[in-house]
Amino acid sequence: MPICPNCNKPIDSLLEEKDAAAFYKLSLVDGKPNYKEDGSQPQDTVEYSCPSCYDDMGFYTQEEAIAFLKGEA
């Protein structure tokens, strides 16, 4: 089982974080700001972190994450 290089705990999974951009329309209603959601778009950025200490593992592709979990990295 791989060991987290940050907290030295054995881990059998990783947390995957994907960013998304949210879009809002700003208008005025009775002179006050009004925000209305106008969709979102996933971003290509992916980060993997340790499920125990939540520190960034330093790799950003699924292939790297799988290799780490297999003990190949």
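Select Y54 first: at 58% relative accessibility, this tyrosine counts as exposed, since the threshold for that class is over 50%. The model is a predicted one. Y54 belongs to the loop between β2 and α1, the helix that spans residues 62–69. Display the backbone here as well, for Y54 has a positive phi of about 65° although it is not a glycine.

**A second positive phi**

Next, move to N8, in the segment before β1, the strand that covers residues 15–29. What is the sign of phi at N8, a residue that is not a glycine? The angle is positive, about 65°. The side chain should be displayed too: N8 is exposed, with a relative accessible area of 56%.

**The aromatic cluster**

Select Y48, F59 and F68 together and show their rings; these three residues form one aromatic cluster. How many aromatic pairs does the model contain? The count comes to two. In one of them, Y48 and F59 are tilted, with 6.0 Å from centre to centre and 35° between the planes. That pair links distant parts of the chain: Y48 is in strand β2, F59 is in the loop between β2 and α1, and 11 residues separate them. Is Y48 buried or exposed? Its relative accessibility is 6%, so Y48 counts as buried. F59 is likewise buried, with a relative accessible area of 9%. Keep F59 selected and add F68: F59 and F68 form a tilted pair, 5.6 Å centre to centre, with 40° between the planes. F68 has 10% relative accessibility and therefore counts as buried. Each of these values falls in the buried class because the cut-off is under 20% relative accessible area.

**The nonpolar surface patch**

Hide the cluster, switch to a surface representation and select Y24, L26 and Y35. Together, Y24, L26 and Y35 make a nonpolar surface patch of about 390 Å². Y35 is found in strand β2, which runs over residues 32–49. With 56% relative accessibility, Y35 counts as exposed.

From this patch, a distance label can be drawn from Y24 to N34. Their C-alpha atoms are separated by 9.6 Å, and the two residues are 10 apart along the chain. N34 lies in strand β2. Its relative accessible area is 33%, so N34 is partly exposed.

**The negative surface patch**

Now colour the surface by charge and select E17, D19, E47, D55 and D56. Which sign does the patch formed by these residues carry? It is a negative surface patch. For its element, take E47, which lies in strand β2. E47 is partly exposed, with a relative accessible area of 30%.

**The salt bridge**

Select E16 and K18 and show the side-chain atoms. How many salt bridges are counted in this model? The count comes to one. E16 forms a salt bridge with K18, and their closest N and O atoms are 3.6 Å apart. The pair meets the criterion because a side-chain nitrogen of Lys or Arg must be within 4 Å of a carboxyl oxygen of Asp or Glu. The two partners fall into separate accessibility classes: E16, at 43% relative accessibility, counts as partly exposed, whereas K18 is exposed, with a relative accessible area of 56%.

**Two distances from the segment before β1**

For the final stops, use C-alpha atoms. Select D12, which lies in the segment before β1 and is exposed, with a relative accessible area of 60%. Draw a distance from D12 to L26. What separation do their C-alpha atoms show? The value is 44 Å, for residues 14 apart along the chain.

Then select M1, also in the segment before β1. M1 is exposed, with a relative accessible area of 69%. Add A65 to the selection: M1 and A65 are 64 residues apart in sequence, and their C-alpha atoms are 13 Å apart in space.

Notes. Residues are numbered from 1 along each chain as its sequence is written. This is a predicted model: local features need pLDDT of at least 70, side-chain atom pairs count only at pLDDT 80 or more; totals for chains, interfaces and linings use all residues. Side-chain values use heavy atoms; hydrogens and water are left out. Patches are made of residues with over 30% relative accessible area and no salt bridge: like charges are joined within 9 Å, nonpolar side chains (Val, Leu, Ile, Met, Phe, Trp, Tyr) within 5 Å. Accessible areas come from the Shrake-Rupley method with a 1.4 Å probe; for residues, only the protein chains shown count as cover. Helices (H or I, at least four residues) and strands (E, at least two) are DSSP runs, numbered from the N terminus. Buried means under 20% relative accessible area, exposed over 50%, partly exposed in between (1.4 Å probe, protein chains only). Rings of Phe, Tyr and Trp (its six-membered ring) pair if their centres lie within 6.5 Å; planes under 30 degrees apart count as stacked, over 60 as edge-to-face and the rest as tilted. Lys and Arg count as positive and Asp and Glu as negative; His and the chain ends are not counted. The place of a charge is taken as NZ of Lys, CZ of Arg, CG of Asp or CD of Glu.
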